[in-house]
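Colleague: Please take a close look at one part of this model for me, namely the metal site. I would like a connected account of what holds it together.

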Amino acid sequence: MSSDRVVELLRKAYGDEIETVMNYQTNAIVLDGVRAEEIKESLQDDIQEELAHSEQLGQRLKQLGARPPSSMEFTPRQESLQAPADSTDVPAVINGVLEAEEGAIETYRELIDAAQEAGDPVTEDLAVTILSDEEAHRTEFRGFQKEY
Ligand SMILES: [Fe+2]
Ligand SMILES: [Fe+2]
């Protein structure tokens, strides 16, 4: 069976994924301008993936006899992903996305270690799979960053 640390990290990751969905969607709606179009489309694609991640994390929590957090248990963290005051400030959004993806990568690496220590290969495997998606997101937005 899994450790408290594994459950804690799964719950943290669940909250982060949901917060990411909210902020990617808000930014995809708020951004204006021709140069923003590609970023907006990419955010829309990622929203679907982050939502799928949260579902997988939630189901894993249930399998471990725990449950994902509801909104009152949740602490927002993504200060740098707040929609910019200037709706054409695409670089601000790109930097916010990169920070969020870095944070996610760090959490999934911690989860991989914790699951390994706890002898929980199923959670470990899930964390590895999601980590590879987050690294792909980071690569995509690093590419966008080069243009600005
Ligand atoms: Fe994700
Ligand atoms: Fe991501």
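**The two-iron site**

Modeller: Both Glu17 and Glu50 are buried (under 20% relative accessible area, where over 50% is exposed and anything in between partly exposed, with a 1.4 Å probe and protein chains only). This is a predicted model, in which local features need pLDDT of at least 70 and side-chain atom pairs count only at pLDDT 80 or more, while totals for chains, interfaces and linings use all residues. Residues are numbered from 1 along each chain as written, chains are lettered from A and ligands numbered from 1 in the order written, and side-chain values use heavy atoms, without hydrogens and water.

The iron ion (ligand 1) is coordinated at 2.0 to 2.2 Å by Glu17 (OE), Glu17 (OE), Glu50 (OE), His53 (ND1) and Glu134 (OE). Donors here are N, O and S atoms within 2.8 Å of the metal (3.2 Å for Na, K and Ca); water is not among the atoms, so sites may look incomplete. Along the chain, the donors of this ion follow the spacing E-x32-E-x2-H-x80-E. Glu17 lies in helix α1 (residues 4–30) and Glu50 in helix α2 (residues 37–63), so the pair ties together parts that are 33 residues apart in sequence. Helices are DSSP runs (H or I, at least four residues), numbered from the N terminus.

Glu50 also coordinates the iron ion (ligand 2), which is 4.0 Å from the iron ion (ligand 1). The further donors of ligand 2 are Glu101 (OE), Glu101 (OE), Glu134 (OE) and His137 (ND1), and its coordination distances are 2.0 to 2.4 Å. Its donor residues are spaced E-x50-E-x32-E-x2-H in sequence. Glu101 belongs to helix α3 (residues 90–118) and His137 to helix α4 (residues 121–147), so this pair links parts 36 residues apart in sequence. Glu101 and His137 are both buried.

Notes:
Helix = DSSP H or I, 4+ residues; strand = E, 2+ residues; numbered from the N terminus.
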